[in-house]
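Me: I want to go through this model and ask what stands behind each label. Please keep the replies short.

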Amino acid sequence: MSETKKLYIKTYGCQMNVYDSERMADVLLPLGYEMSENSDDADIMILNTCHIREKAAEKVYSELGRIRKIKNERTSNGQTTIIGVAGCVAQAEGEEMLARAPIVDLLVGPQAYHRLPELIRKIEEGERGLLEVDFPADDKFEKIPAARSAQIIARGPTAFVTVQEGCDKFCTFCVVPYTRGSEFSRPVEKIVAETTRLCASGVKEITLLGQNVNAYHGTGPDGDSWSLGRLLYELADVPGLERLRYTTSHPLDMDDVLIAAHGDLPELMPYLHLPVQSGSDKILAAMNRKHTTAVYFDVVKRIREARPDIALSSDFIVGFPGESDADFAATMKLVREVEYSQAFSFKYSPRPGTPAADMDTQVEEHVKSERLSELQALLRHQQHAFNQNCMGRELPILFTGKGRNPGQLVGRSPYLQPVHADAPEEYIGSIQSVGITKVGTNSLSGLCAGGNVRSTFNARPEILSEGTTL
Ligand code: 5AD
Ligand code: SF4
C-alpha cells in the first residue's frame, strides 16, 4: 500500500513569504502530498527564504546542514527526499548555493514557484540542481489553483491576500527591487474573488499584502486603474468579511482616498504600518526614500484626522552610512513626536548589490548597537504606554486560536495587539467583546464580556494615545 507523501515547508521572513508558502502548498498538494509539521518524515522539504538582512543566508545554510543528516538517514532507509530552496535567497544567491550545498535539488525564485510541479517531476525523473529564478512572462497568480486547499480553513479566521508585489522605489539599502522585481498589481476581480472565497469558508479578517501595497494600481472591472483605497471600499462589502488590514505602505503613496477609507470603513482596522526608516532628512535623501520628515508628519496628521484612534507602527534603520549622532537624535525626536503603538527597528546591514553597501561612510558596529538599544527602549516604552491606555476598555477581539493556558484563547484587538482571555473553544473564529484587565508590553489580557460584537465596532471617536514621552 502506498502511503501519502509528505510536504514540509519552513518559512522565513515577511508575511509575503507566509502567503507564498501557502501558495506553494496549493500547487504541490494536488500532486498527492499532505502537509507535515515535521521535517524528519518529509518527502519534499522546502525552505522559503528571506534575504532582507544579513545572516539570512547563513541561517539557511545551517538549516541545510541539519537537513542533510535527515536526508542521509532517509536515503539509507531507501527513502528519497527532495530538497528545495525558494524565496529571495534562492533568487539572489542561487548559483552560489548550488555549488555550496549540493544536497539542494532545486532553487526557485519568488516569481517562479508556480513551476514547482514540473520541477518536481523533472527531479523524480532524475534531474538535479535545477535553478528557476527568471521573472517569467506568465503570471504566477493565474497558474495557482483557485480553490485554496482545505487546510487553509484549519489555519483559522485570518488570511493574507497578495494584491501587489515588487517595488520600483529602489531605496538604497533594500534588496526587494532586485529579488522581487518591479511592481505588479493583481486585477481587482481576482482579488475580490479570492477574498469572497476565503470569507465564504469562514475567514473573518483579510490582510492585503504588497511590498509597496499602497502603490497598488490594479485593473478594475471598468478597465480603469484602481487605487488601494478604491479596492478597500469594494472589499468591505464582501459577505462575511469583518476586518480588513493592509501592509506595507510607503508614506508617498498614502493618497486621499486611502486616508478617507480609514474614516469611512468600520471594517478597516485602526492600525497602520507606515515605515519612515529615519528621522533625518539628510539620511532619508541618502536612502533615496523620496519623502522628507515633513511629508511623513503630514501623512500622520491627515490619517489621525480621519481616524483619531489609529495605532501607528513603523520600521527604523539605525546606523545607515553617514548617520551622525545628530541624525540619530532626529530619529529619536521623530519617534517622540509621532508616538507609535509598536515598531520594528534594525541595524543597517549592507546587502551586496545595493548602492548603500558601497558607501564609504559605514557606521561602526558598536555605534549601531548602542543606537539600536536606545531606540528600542523608547519604542518599548511607547508600546507599553499605548497598551496601558487600553486598560479598563472593552475591545472587540477576533479569537484566532487556543492560548498557552488551559481554557484560554488568544486573539487580536483592532490595534493588532495579541489579547488572551478565558473563553470556550467555540469562540475561535468569532469577534467577542473583552474587558481589558491586564496589560504587558507585548500583549493584553482580559475577561470575555459575553455577546458576539461582530460588525458593531467602530472606535473612531476615541483617542487612545495621549502624551506619552520618555
Ligand atoms: N538593513 C537593515 N534593515 C533593512 N530593512 C530593509 N533592508 C535593510 C537593510 N539592508 C528593513 C527596513 C524595511 C524592513 C522590511 O526591513 O526597515 O522597512
Ligand atoms: Fe525596499 Fe524601499 Fe521598496 Fe520598501 S519602498 S520594498 S524599503 S525599496
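**Labels and the values behind them**

Reply: Start with ligand 2. Around ligand 2 sit Cys167, Lys169, Phe170, Cys171, Phe173, Cys174, Val176, Pro177, Asn212, His250 and Arg289. This is a predicted model.

Me: What makes a residue count as near ligand 2?

Reply: The cut-off is a heavy atom within 4 Å. Cys167 and His250 are among the residues listed around ligand 2. By class, that shell holds 7 nonpolar, 2 polar and 2 charged residues.

Me: Which residues surround ligand 1?

Reply: Ile52, Arg53, Phe173, Gln277, Asp315, Ile317, Phe346, Lys347, Tyr348, Ser349 and Arg351. They split into 5 nonpolar, 2 polar and 4 charged.

Me: How do you know that Asp315 makes a polar contact with ligand 1?

Reply: A polar contact needs a pair of N or O atoms within 3.5 Å. A polar side-chain atom of Asp315 is 2.6 Å from an oxygen atom of ligand 1. That pair therefore qualifies.

Me: What about Arg53 and Phe173?

Reply: Arg53 has a side-chain N or O atom 2.7 Å from an oxygen atom of ligand 1. Phe173 uses its backbone: an N or O atom there lies 3.0 Å from a nitrogen atom of ligand 1. Both distances are within 3.5 Å, so both pairs count as polar contacts.

Me: How much of ligand 1 does the protein bury?

Reply: Alone, ligand 1 exposes 400 Å², and the protein buries 87% of that. Strand S15 (311–318) and strand S16 (342–347) are the elements that give two or more residues to its shell.

Me: Why is Glu339 called buried?

Reply: Buried means under 20% relative accessible area. Glu339 has 13%, so the label fits. The residue sits in the loop between helix H13 (325–338) and S16.

Me: What makes the phi of Glu339 worth a remark?

Reply: Its phi is near 65 degrees, a positive value in a residue other than glycine. Most residues other than glycine have a negative phi. Leu416 also has a positive phi, near 70 degrees.

Me: Why is Leu416 called partly exposed?

Reply: Partly exposed runs between the 20% and 50% cut-offs. Leu416 has 22% relative accessibility, so it falls in that range. Leu416 lies in the loop between strand S18 (408–412) and strand S19 (418–422).

Me: Why does Glu234 count as partly exposed?

Reply: Its relative accessibility is 36%, and therefore between the two cut-offs. Glu234 belongs to helix H9 (residues 228–235). Leaving aside residues up to four places away in sequence, Glu234 touches Val192 and Trp226.

Me: How do you know that the bond between Thr247 and Thr248 is cis?

Reply: Omega is about 5 degrees for the peptide bond that joins Thr247 and Thr248. Most peptide bonds are trans. Thr248 lies in the loop between strand S13 (243–247) and helix H10 (256–264).

Me: What pLDDT does the chain have?

Reply: The mean is 90, on a scale from 0 to 100. Of the residues, 91% reach 70 or more. Residues 149–154 fall below 50, and this stretch has 9 contacts in the model beyond near neighbours in sequence. Residues 454–470 are also below 50, with 43 such contacts.

Technical notes. Residues numbered from 1 in each chain as written. Chains lettered and ligands numbered in written order. Predicted model: local features only at pLDDT ≥ 70, side-chain atom pairs only at ≥ 80, totals over all residues. Heavy atoms only, no water. Polar contact = N/O pair within 3.5 Å; in protein donor to acceptor, adjacent residues only side chain to side chain. Areas by Shrake-Rupley, 256 points an atom, 1.4 Å probe, with all protein chains shown as cover. Helix = DSSP H or I, 4+ residues; strand = E, 2+ residues; numbered from the N terminus. Nonpolar A, V, L, I, M, F, W, Y, C, P; charged D, E, K, R; others polar. Buried < 20%, exposed > 50% of the residue type's maximum accessible area, 1.4 Å probe, protein only. Contact = heavy atoms within 4.5 Å. pLDDT = per-residue confidence, 0-100.
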